Amino acid sequence: MPTIEPVEKITPESENNRGLTACDPLGIATAIDGVSVNTTSPDLFINNNSRAGDLLELETNTANFLVDFGSTPNGTINAKTATFLDSATQIFYFDDVTIKGRMQVKSNHNAVMFVAGDFTMSGASSLTIPDNSSA
């Protein structure tokens with residue numbers, strides 16, 4: 001990872017600039033605006049129809065429902081290759097995500113998700129990211 005320059009420290013003398021300094025040394029906002037692939041993005045819906053809630057497991061390149069009683073989309077969900085922060089990255093694209101069941105990242109995997117619209121968790125939903133993984 002590249003060395004990041006610290007942002008300018010706001011001192012009491014510069015209170016009139018309070019709130020005008022952005023803390024985004026990696027340029028995440030710009031990087032997100034630049035991430036796109038020519039694909040239609042489905043909605044992701046993880047249902048709560050099973051005993052403990054439907055379960056979607058994310059790997060680095062694919063995602064599959066391990067328990068599925070009405071969740072969508074059906075079948076394997078494939079990540080798309082895109083450049084993010086100057087590196088090739090596998091990204092899962094969705095318009096909207098609604099989790100009423102369970103989502104987990106598989107151990108030793110790193111999942112990147114781009115949600116263009118709303119991300120909602122409700123009820124007894126859960127999102128599990130093991131210590132040796134990331135999302």
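Biologist: How many salt bridges does the count come to here?

Modeller: The count comes to one salt bridge, the term meaning a side-chain nitrogen of Lys or Arg within 4 Å of a carboxyl oxygen of Asp or Glu. This is a predicted model, in which local features need pLDDT of at least 70 and side-chain atom pairs count only at pLDDT 80 or more, while totals for chains, interfaces and linings use all residues. Residues are numbered from 1 along each chain as its sequence is written, and side-chain values use heavy atoms, with hydrogens and water left out.

Biologist: Which side chains meet in that salt bridge?

Modeller: They are the side chains of Lys 106 and Glu 59, with an N to O distance of 3.3 Å. Lys 106 is in the loop between β8 and β9 and Glu 59 in the loop between β2 and β3, so the pair ties together parts that are 47 residues apart in sequence. Strands here are DSSP runs of E with at least two residues, helices are runs of H or I with at least four, and both are numbered from the N terminus.

Biologist: What are the relative accessible areas of Lys 106 and Glu 59?

Modeller: Lys 106 has 32% and is partly exposed, and Glu 59, at 22%, is partly exposed too. With a 1.4 Å probe and protein chains only, buried means under 20% relative accessible area, exposed over 50%, and partly exposed in between.

Biologist: Stepping back, how many helices and strands are in the chain?

Modeller: The chain has one helix and 11 strands, and along the sequence the helix precedes the strands, as the pattern α-β-β-β-β-β-β-β-β-β-β-β shows. Buried residues account for 26% of the 135 residues. The chain exposes about 8,700 Å², of which carbon and sulfur atoms supply 49%; such areas come from the Shrake-Rupley method with a 1.4 Å probe, and for residues only the protein chains shown count as cover.

Biologist: And which residues touch the most other members of the largest nonpolar core?

Modeller: Of its 15 residues, those are Leu 44, Ile 46, Leu 56, Leu 58, Ile 77, Phe 92 and Met 103. The strands β1 (44-46), β2 (55-58), β3 (62-67), β6 (87-94), β7 (97-99) and β8 (102-105) each supply at least two residues of this core. A nonpolar core is a set of buried Ala, Val, Leu, Ile, Met, Phe, Trp, Tyr and Cys residues joined through side-chain atoms within 4.5 Å.

Biologist: Take Leu 58, then: which residues does it touch, beyond those up to four places away in sequence?

Modeller: Leu 58 touches Ala 63, Phe 92, Met 103, Gln 104, Val 105, Lys 106, His 109, Ala 111 and Met 113, where a contact means heavy atoms within 4.5 Å. Lys 106, on that list, is also the salt-bridge partner of Glu 59.

Biologist: Different topic: where is Ser 50, and is it buried or exposed?

Modeller: Ser 50 sits in the loop between β1 and β2 and counts as buried because its relative accessibility is 10%. A polar atom of the Ser 50 side chain lies 3.0 Å from the backbone oxygen of Gly 53, and, leaving out residues up to four places away in sequence, Ser 50 touches Val 67 and Phe 69.

Biologist: Which backbone oxygen does the side chain of Ser 125 reach?

Modeller: The side chain of Ser 125 reaches the backbone oxygen of Ser 122 at 3.1 Å. Ser 125 lies in the loop between β10 (119-121) and β11 (126-128) and is buried, with a relative accessible area of 18%. Beyond neighbours within four places in sequence, Ser 125 is in contact with Ile 99, Lys 100 and Gly 101.

Biologist: Any backbone geometry to check? Which peptide bond is cis?

Modeller: The bond from Thr 72 to Pro 73 is cis, with omega near 5°, and Pro 73 lies in the loop between β3 and β4 (77-78). Asn 108 is also worth a look, having a positive phi of about 70° although it is not a glycine. Asn 108 is in the loop between β8 and β9 (112-115) and counts as exposed, at 58% relative accessibility.

Biologist: And Asn 61, where is that found?

Modeller: Asn 61 is in the loop between β2 and β3, and it is partly exposed, with a relative accessible area of 41%. Apart from neighbours within four places in sequence, Asn 61 is in contact with Ile 77, Asn 78, Ala 79, Gln 90 and Phe 92.

Notes:
Polar contact = N/O pair within 3.5 Å; in protein donor to acceptor, adjacent residues only side chain to side chain.
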